[in-house]
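Here's a quick tour of one structure, taken a piece at a time. Have the view open and follow along.

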Amino acid sequence: MSNLEEQLLHLLSEAQSSALAPRQQAEAHLQALHSNEAFPTGLAAIAAHTSLPISTRQAALTSLRLFVEKNWSGEDEESEGPTVAISDEVKATLRSRLLELATGGEDERRVRGAARYVGPR
């Protein structure tokens, strides 16, 4: 696991905390990482790690879904703040990873279902 993936894993865990301050700090840090080109592929990698808890993998897919919805086309008039350009190479990697996740084995049904919701609409 890369340093970014480890950092994302920690932040996703903190973002699920019931304590307000750590959760808000983690959410802000996740938002700040949006400009890192490896952010979406890092989330996809976490979602693919079968050794991680399902809840963590689903949180990664939820964060990825929100990121993709806002940034895939590079033009989002509905949300606040600037969009982040996603390179064609990263888009291709995400498509491949998400297809693998969406068509995975039965034991990963909840992850497979969450992966199906990630993608441009």
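## The cavity

The largest cavity in this predicted model has a volume of about 40 Å³. The structure holds one cavity of 30 Å³ or more.

Who lines the largest cavity? Start with His 34, Asn 36, Glu 37 and Pro 40, then add Phe 67, and finish with Val 84, Ala 85, Ile 86, Ser 87 and Val 90. By character, that lining splits into six nonpolar residues, three polar ones and one charged one.

## Helix α3, mostly under cover

Pro 40, from the cavity lining, turns up again among the buried residues of α3. This helix runs over residues 39–48 and is mostly covered, with eight of its 10 residues buried. Those are Phe 39, Pro 40, Gly 42, Leu 43, Ala 44, Ala 45, Ile 46 and Ala 47.

What do they pack against? The buried residues of α3 meet α1, α2 and α4, plus α5 (88–102) and α6 (109–116).

## Helix α1 and its buried face

Helix α1 takes in residues 3–15, 13 residues in total. From first C-alpha to last it reaches 18 Å, close to the 18 Å expected at 1.5 Å a residue.

Its buried residues are Leu 4, Glu 5, Leu 8, Leu 11, Leu 12 and Ala 15. Look down the axis of α1 and these fall within an arc of 125 degrees, so they line one face of the helix. The spacing fits a familiar rule: an α-helix has 3.6 residues a turn, so residues three or four places apart point the same way. The cover over the buried residues of α1 includes α2 (20–32), α3 and α4.

## Glu 14, partly out in the open

Glu 14 also sits in α1, but it's partly exposed, with a relative accessible area of 27%. Leaving out residues up to four places away in sequence, Glu 14 touches Pro 22, Arg 23 and Ala 26. Glu 14 and Glu 27 are 13 residues apart along the chain, and their C-alpha atoms are separated by 8.3 Å.

## Thr 56, tucked into α4

Over in helix α4 (residues 54–71) you'll find Thr 56. Is Thr 56 buried or exposed? It counts as buried because its relative accessible area is 10%, and the cut-off for buried is under 20%.

Setting aside neighbours within four places in sequence, Thr 56 is in contact with Leu 9, Leu 12, Gln 16 and Ile 46. Of these, Leu 12 is one of the buried residues of α1, while Ile 46 is one of those in α3. As for Gln 16, 40 residues separate it from Thr 56 in sequence, and the two are 8.8 Å apart in space, C-alpha to C-alpha.

Notes. Residues are numbered from 1 along each chain as its sequence is written. This is a predicted model: local features need pLDDT of at least 70, side-chain atom pairs count only at pLDDT 80 or more; totals for chains, interfaces and linings use all residues. Side-chain values use heavy atoms; hydrogens and water are left out. Helices (H or I, at least four residues) and strands (E, at least two) are DSSP runs, numbered from the N terminus. Buried means under 20% relative accessible area, exposed over 50%, partly exposed in between (1.4 Å probe, protein chains only). Contact means heavy atoms within 4.5 Å. The expected span of a helix is 1.5 Å times one less than its number of residues. The arc is that of the directions from the helix axis to the C-beta atoms. On a 1 Å grid over the protein atoms alone, a cavity is a set of points where a 1.4 Å probe fits but cannot get out, and a pocket is an open set with protein on both sides within 12 Å along at least five of seven lines; lining residues have an atom within 4 Å of a point. Grid points are joined across faces, edges and corners, and a volume is the space filled by probe spheres set on the points. Ala, Val, Leu, Ile, Met, Phe, Trp, Tyr, Cys and Pro count as nonpolar, Asp, Glu, Lys and Arg as charged, and the others, Gly among them, as polar.
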